[in-house]
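User: Please take a close look at the empty space in this model, above all at the site around the ligand, and describe what lines it. I would like one connected account rather than a list.

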Amino acid sequence: MANDVMEKIVSLCKRRGYVYPSSEIYGGINSCWDYGPVGVELKKNIKEFWWKSMTYYRDDIEGLDASIIMHPMVWKASGHVDGFTDAMVDCKNCKLRFRGDEIDGKSCPDCGGELTEARLFNLMFKTHIGAVEEEATTIYLRPETAQGIYVNFQNVLNSSRRKVPFGIAQIGKAFRNEITPKNFIFRMREFEQMEMQYFVKPESAEEWFETWRKERMQWYVDLGIREDRLHFQELGKDELPHYASKAYDIQYQFPFGLEEIEGIHNRTDYDLKNHSKFSGKDLEYFDDSEGKKFIPHVIEVSAGVDRTLLACLVDAYDEEEDRVVLRLSPKIAPIKVGIFPLVKREGMPEVAVKITQDLRRHMKVFYDESGSIGRRYRRQDEIGTPFGVTVDAQTLKDDTVTLRTRDDMKQVRLKISDLARELGELIQRI
Ligand code: GAP
């Protein structure tokens, strides 16, 4: 059943232009995926909602866009060169490979064969900078965006004249050479993160951790995800990442299990202290109200764009007797409104095209005149378009159209001149 739902979602994504296998004409490449026309729009809307919630709706967070390639010492200082590893185990019989934490007993979960000893495997992708491939030119593709924020802490502090507490937010690609990528876009080797590091006084770290834990859970609810499918999971001492003293995962109930979509971490002064030590630069903050210097502690909220998008798709997927519907929140739906002339004659397409052109300035619209009106509605239902506007014979008499709502399929008549305002309100309201 679980696989069945995932298979249907993967197939819908391919058919309707959400997500395609990467390099498909060459047979694809494991763990890499491409976002199609509506996928890229949904992704953009999710990122925008996150970006606004961090840097527009609050006044204590600045934005940043740091380089993916950084000085290799960054990863030495951050502990990723020595500590960002997973245990890897192979089956001697069927040759399947597993992460150490996926194995319960001593034999292969698939065929029962004998397993190799666990070997540690660093998840960072290595490459070389410049023309000569030698040890001195080794660099890494960033496995988290966070380090770009830490190495710019002083820059942002000085240019924005912020005082602690304040945060720095960033959205960008991250890369991990995962041992067992799986579950569609859930575990990939190239993915995107939305991370915010909040710099606080050491004594207030615990309080800010709790504040951010609640804020972040509410964000997913505001995004339109069902609350009863979201959970917190506190990480045990032996599960903590190497940089964290305390961590909670926000999990979503996927068809393949309850899995992490965001990590909330108390990173203490771990990163700034190490960058200070390795770079020789003073990264202390001077608190002029108390006349003392200290290294701020950091509460990190780290969400995956792709996992959030997958949670949105799974949450929105619904099958009815004669249609498949993606009940995406109108706020993030890739296309906000489909515009349809009832028939391709009697001047209806001309009016519908004019409406399309006018609405285009306000929102993402899609014009469709091909096929029966029922099929056109179904196509948009499957993409998740929340509203449909139909131009019919009545329109030519009184300048009104029908406005159809995806979720309940109810239709009302509206004046063309009221459409932009009415739709704008409906999209904001939900
Ligand atoms: N800076 C902290 C950090 O990177 P993490 O828990 O390793 O923490 C944060 O990752 C989020 O990034 C995860 O909750 C997940 O949403 C996303 N993520 C991590 N690895 C991923 C992968 N291989 N594929 C897709 N998303 C991933």
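Analyst: In what follows, Ala, Val, Leu, Ile, Met, Phe, Trp, Tyr, Cys and Pro are counted as nonpolar, Asp, Glu, Lys and Arg as charged, and every other residue, Gly included, as polar. The model is a predicted one, and the values below are computed from it. With those classes, the lining of the largest pocket divides into 14 nonpolar, 13 polar and 21 charged residues.

The volume of this largest pocket is about 1500 Å³. Its lining is made up of 48 residues, and the ones closest to the pocket centre are Arg99, Asp101, Arg176, Arg187 and Glu260. Several elements contribute at least two residues each to this lining: helix H4 (80–83) and helix H9 (305–316), together with the strands S4 (85–90), S10 (190–200), S11 (230–234), S12 (246–254), S13 (257–268) and S16 (297–304). Among these contributors, S13 supplies the most, with 6 residues.

The largest pocket is also the space that the ligand takes up. A shell of 20 residues surrounds the ligand, and the closest of them are Glu144, Met188, Glu195, Glu260 and Glu300. Glu260 thus has a place in both descriptions, as one of the residues closest to the pocket centre and as one of those closest to the ligand. By class, the shell around the ligand holds 5 nonpolar, 5 polar and 10 charged residues. At least two residues of the shell come from each of S10, S13 and S16, and S13 again gives the most, with 6 residues.

Three polar contacts can be described at the level of atoms. The backbone of Ile261 places an N or O atom 2.8 Å from an oxygen atom of the ligand. For Tyr243 the side chain is involved, with an N or O atom there 3.4 Å from a ligand oxygen. Arg307 differs in its partner atom on the ligand, as a polar atom of the Arg307 side chain lies 3.4 Å from a ligand nitrogen. Taken alone, the ligand has 550 Å² of accessible area, and the protein covers 94% of that.

The second largest pocket, with a volume of about 480 Å³, offers a point of reference. It is lined by 16 residues, and Glu48, Lys331, Lys336, Ile427 and Gln428 lie nearest its centre. Helix H2 (37–55) and helix H13 (419–429) each give at least two residues to the lining of this second pocket, with H2 giving the most, namely 6 residues. Sorted by class, the lining of the second largest pocket has 5 nonpolar, 4 polar and 7 charged residues.

There is also enclosed space to consider. Rolling a probe the size of a water molecule over the atoms shows where empty space is left. The count comes to 1 cavity of 30 Å³ or more, and the volume of the largest cavity is about 40 Å³. Its lining consists of Phe340, Tyr377, Gln380, Asp381, Thr385, Pro386, Phe387, Gly388, Arg404, Thr405 and Arg406. Helix H11 (373–383), strand S21 (387–391) and strand S22 (400–405) are the elements that provide two or more of these residues, and H11 provides the most, with 3. The cavity lining divides into 4 nonpolar, 4 polar and 3 charged residues.

Two backbone details may deserve inspection alongside these sites. Most residues other than glycine have a negative phi, and most peptide bonds are trans. Against that background, Val164 and Pro165 are joined by a cis peptide bond with omega at about 10°, and Pro165 belongs to the loop between helix H6 (153–160) and strand S9 (166–175). Ser31, a residue other than glycine, has a positive phi near 80°, and Ser31 is placed in the loop that runs between strand S1 (19–21) and strand S2 (33–35).

Terms used:
Residues numbered from 1 in each chain as written. Predicted model: local features only at pLDDT ≥ 70, side-chain atom pairs only at ≥ 80, totals over all residues. Heavy atoms only, no water. 1 Å grid on protein atoms, 1.4 Å probe; cavity = no way out; pocket = protein on both sides within 12 Å on 5 of 7 lines; lining within 4 Å. Points joined across faces, edges and corners; volume = space filled by probe spheres on them. Helix = DSSP H or I, 4+ residues; strand = E, 2+ residues; numbered from the N terminus. Near = heavy atom within 4 Å. Polar contact = N/O pair within 3.5 Å; in protein donor to acceptor, adjacent residues only side chain to side chain. Areas by Shrake-Rupley, 256 points an atom, 1.4 Å probe, with all protein chains shown as cover. Sits in = over half its atoms within 2 Å of the grid points.
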